[in-house]
Amino acid sequence: MQDIPEPRARTRPRALVHSAVLYGAIGYHIEIEAYTSPGRTAIVLNGLPDGTIHEVRDRIRAAIINSGLTWPDRRATVNILPASVPKPGSSLDLAIAVALLVASEQLSPDAIANTGIIGEVGLDGALRPVRGMLALAVAASRAGIRRLLVPAANLPEAALTPGITVHAARTLAELVDGLRGDTALHTPPTQAPAVEPVSAPRPGRDLADIAGQPLGRRALELAAAGGHHLALLGPPGSGGTMLAERLPSILPDLDDDAALEVSALYSAVGMLPPGGQLLRRPPWQAPHHTVTLAALLGSGSGPVRPGALPLAHRGTLLLNAADRFPASTIRAVADALHHGTISVTRAGRRVEFPTRAQLILTAAQCPCSDPTNCDCPPTVRSRYRRRLARLLDLVDIEVTRPHPSPTPPGDPAMPVEPSRAVAQRVTQARTRAAARWSAHGWRTNAQASRDALRHALGRVPTDWFAPLQHRIDSGSLSPRDTIRVLRLAFTVADLSGHPNPTAEDLTEAIWLRTGQEVTR
């Protein structure tokens, strides 16, 4: 039997380096293979690189030589995987340089095992920061990478990623010395967590500025406590915009997962504040009714940047005077909020952005905006209502506000509650909701599914459903409205400290969903 010949040994080791690229506002894990072979000195790049990466040949060659290292006097092949992912930008510079150094036996493959390398390299060998480092670091962490090497200027931002050890260097030569064990690489400083003082003011405009408006204030508190979409309907000057602008002042801070998600998104577009801190406050976006679809969803001839709607992810999107927005904009917002994501295609490139935001809209009740002396025909009012139907179908709370009666400033008969007091109740209610739905991975009542609601309501008396069943039988509540009422009933109960919704909680939820005024 003829012996099987032994495979021929490779003359140069194959290098495998982990990295990440930013596409849109999302980081993607990338693997870089490098191999050198006899032949004319050259570097060949494969794997769908863009023009910026094609220029890396000259940048890296100059950086390696100027760092006192040896440019491989052989034919070098660099393969960037996966080939299906576009690779814009210069975040792969450093990873390609290290891969070539490993392939030319100037670095040991063990020195970069399970290590991600991200950064831009200057001609002099200096390591320059890249935009979106947090999003890139999160992509590397999700791929199982446990160590990350970055430029020193990106160290505070990269260190925000949990579960990954970050080291940094200022130059390519410094990085190589660190990988060889000759010198120590930079590590993030250990800082004690900042503790917010009890007397610190709440961000945003304060509810103490608004006198009266008991129904609007109650609706706003319920929306914040349950994460519900809210519609404030009424004539201009009735206070809808003032109420909406004070929602951020009563919203709780983002939890760790949401803060990391939002911070990575803002890092990708260069909007993350310096200093190495996660964004803890929910985002707030209030586009004008003249906003274009591109500005609302996302645009860009090169890298596609998210618009106002994706930037409201995990926060609040205010559509003030929603009836003035074009029908195409209303449809786009409704679809994006319903699905939780939106796909934007620009210049043949398709990017997906997350859009799980809380909607709050204000609008007039009819085209004439005068409910007292309204003479609009029923067909006109119906057509006006249908224009907003796509958005109102998403809304859990719908309240109608008449013109407010004038109240003298500082009238002791009309006490006003500041945002800090309301925010404490909202936080307590959200804690109760999170404990209830923790097994499902939900944090607010607005996320609860039909089956989960039915299971949670298994402990209430049978006659509890009577008011709801009556409205279902009469056709005033659709099956979709019924689910929204049940979600809202749990939020009313959470704010009242009830373990399960009472009959009064259900009655208030029905009133708020159908737009009928509540007397409190």
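## Close-ups of a predicted model

**View 1. Helix α7, end to end.** Let's start with a quick sanity check on helix α7, which covers residues 214-226: with 13 residues at 1.5 Å a residue, helix α7 should span 18 Å, and its end C-alpha atoms do sit 18 Å apart, so the two agree. Keep in mind that everything shown here comes from a predicted model. Right after α7 ends, look for Gly227, which takes a positive phi of about 70°.

**View 2. How covered is α7?** This helix is mostly covered, with twelve of its 13 residues buried. The buried ones include Leu215, Gly216, Leu220, Leu222 and Gly226. Charged residues are on that list too, among them Arg217, Arg218 and Glu221. While you're looking at a helix, remember that an α-helix has 3.6 residues a turn, so residues three or four places apart point the same way.

**View 3. Arg218 reaches over to Glu508.** Zoom in on the side chains of Arg218 and Glu508, which meet in a salt bridge, 2.7 Å from N to O. This pair links distant parts of the chain: Arg218 belongs to helix α7 and Glu508 to helix α19 (residues 503-514), 290 residues apart. Are these two partners buried or exposed? Arg218 has 12% relative accessibility, and because buried means under 20%, Arg218 counts as buried. Glu508 is buried as well, with a relative accessible area of 7%.

**View 4. Arg436 and Asp494 tie two helices together.** Here the closest N and O atoms of the Arg436–Asp494 salt bridge are 2.6 Å apart. Arg436 lies in helix α15 (residues 419-436) and Asp494 in helix α18 (residues 479-496), so this contact ties together parts of the chain 58 residues apart in sequence. The partners get different labels: Arg436 counts as partly exposed at 22% relative accessibility, while Asp494 counts as buried at 1%.

**View 5. A little network around Arg425.** Which residues do shared salt-bridge partners join into one network? They are Glu221, Glu417 and Arg425. Within that trio, the side chains of Arg425 and Glu417 meet at 2.7 Å, N to O. Arg425 counts as partly exposed at 26% relative accessibility, and Glu417 is partly exposed too, with a relative accessible area of 29%. Glu221, on the other hand, is one of the buried residues of α7.

**View 6. Stepping back.** How many salt bridges does the structure hold? The count is 17, and the Arg218–Glu508 pair from View 3 is one to look for again.

Terms used: Residues numbered from 1 in each chain as written. Predicted model: local features only at pLDDT ≥ 70, side-chain atom pairs only at ≥ 80, totals over all residues. Heavy atoms only, no water. Helix = DSSP H or I, 4+ residues; strand = E, 2+ residues; numbered from the N terminus. Expected span 1.5 Å × (residues − 1). Buried < 20%, exposed > 50% of the residue type's maximum accessible area, 1.4 Å probe, protein only. Salt bridge = Lys/Arg side-chain N within 4 Å of Asp/Glu carboxyl O.
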